[in-house]
Amino acid sequence: MFILVNLKAYPCDPVAVAEAARDVAEESGIRIAVSPQAAHIERVAETGVETWAQHVSPNAHGSHTGSTLAEAAAEAGAVGTLLNHSENRLKLADIDASLDAAERAGLETCVCGNNPEQIGAVAALGPDSVAVEPPELIGGDVSVSTADPDIVVDAVDAAGAVDEDVDVYCGAGVSTGDDVVAAQDLGATGILLASGVAKADDPRAALEDLVAGL
């Protein structure tokens, strides 16, 4: 299982979370990555934790003020990027262009979708992975693997019908080790979470709980 911690724009210490994630990953042998704000990518990457961008823009070098250039994210230390999160939706053409940008920069990609139908559509664009995240469960206390396990199963099937090489992650409401095990049992190969770690009083303890059952 892959655990990807999205720090969003929460008022947490990105370096402290990154150090905790690095240490738990090393001790458990579980792959854990942290996705900070673009301005914090270099500081987070310097901890040695696997670092992902929260987004890269669908453009190359040029007159694109305010964009997050894929090449700049990679130079800062990112090795992957999220795309099309529910809080930063993209048109299908822009997802495709952002995937091209990430490929140019050598970034691994995970494209989010709200439901199995969207997962099938974005899987057809050739990302490394997709993450199913029903918006109504994001930031809540109930994980999608518990609230609606059929969505996870159907998302795995939808992606597999298009491209069996695309990994499927489970997001929205994931916060405990039981949630991670449930997602794995439903066919997911990773989880995407945010507040369960970023808002935790003790991020290390939260991460240790997430990997306890793996």
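This is a short talk on the core, the salt bridges and one charged surface patch of the structure shown above.

Before I start, please keep in mind that what we are looking at is a predicted model, and that every value I quote is computed from that model.

Let me begin on the inside. The largest nonpolar core holds 29 residues, and within this core Ile-3, Ile-32 and Leu-207 are the members that touch the most others. Several elements give two or more residues to the core, namely the strands β1 (2–6), β2 (31–35) and β8 (190–193), together with the helices α1 (14–28), α8 (177–185), α9 (195–198) and α10 (203–211). Helix α1 provides the largest share, with six residues.

From there I would like to move to the charged side chains. As a general point, side chains that carry opposite charge can pair when their charged atoms come close. A search of the whole structure finds eight salt bridges, and I will go through three of them.

The pair I take up to begin with is Arg-22 with Asp-23, where the closest N and O atoms are 3.0 Å apart. Arg-22 has a relative accessible area of 23%, so this residue counts as partly exposed, and Asp-23, at 22%, is likewise classed as partly exposed.

The next pair is Glu-27 with Arg-204, with 2.7 Å between the closest N and O atoms. Here the positions in the chain are worth attention, because Glu-27 belongs to helix α1 and Arg-204 to helix α10, so that this salt bridge ties together parts that are 177 residues apart in sequence. Glu-27 is exposed, at 55% relative accessibility, whereas Arg-204 is partly exposed, at 28%.

The remaining pair on my list is Arg-31 and Glu-50, whose side chains meet in a salt bridge at 2.8 Å, N to O. This one also links distant parts of the chain, since Arg-31 sits in strand β2 and Glu-50 in strand β3 (residues 50–53), with their positions 19 residues apart in sequence. Both ends are partly exposed, Arg-31 with a relative accessible area of 31% and Glu-50 with 21%.

Which residues are joined into one network by salt bridges that share partners? They are Arg-22, Asp-23, Glu-27, Arg-204 and Glu-208.

Staying with long separations in sequence, I would point you to Asp-202, which is found in the loop between α9 and α10 and is partly exposed at 43% relative accessibility. Asp-202 and Val-17 are 185 residues apart in sequence, yet their C-alpha atoms are 9.1 Å apart in space.

Another loop residue is His-61, located between β3 and α3 (70–76). His-61 is exposed, with 58% relative accessibility, and its C-alpha atom is separated by 9.6 Å from that of Ala-72, eleven residues away along the chain.

Finally, let me turn to the surface. A patch of negative charge is formed there by Asp-96, Asp-100, Glu-103, Asp-128, Glu-164, Asp-165 and Asp-167. Which element supplies the largest share of the negative patch? That is helix α4 (residues 92–105), which contributes three residues. Glu-103 is placed in helix α4, and because exposed means over 50% relative accessible area, Glu-103, at 62%, falls in the exposed class.

Note on methods: Residues numbered from 1 in each chain as written. Predicted model: local features only at pLDDT ≥ 70, side-chain atom pairs only at ≥ 80, totals over all residues. Heavy atoms only, no water. Patch = residues over 30% accessible without salt bridge, like charges linked within 9 Å, V, L, I, M, F, W, Y side chains within 5 Å. Areas by Shrake-Rupley, 256 points an atom, 1.4 Å probe, with all protein chains shown as cover. Salt bridge = Lys/Arg side-chain N within 4 Å of Asp/Glu carboxyl O. Lys, Arg positive; Asp, Glu negative; His and termini not counted. Charge placed at Lys NZ, Arg CZ, Asp CG, Glu CD. Helix = DSSP H or I, 4+ residues; strand = E, 2+ residues; numbered from the N terminus. Buried < 20%, exposed > 50% of the residue type's maximum accessible area, 1.4 Å probe, protein only. Core = buried A, V, L, I, M, F, W, Y, C linked by side-chain atoms within 4.5 Å.
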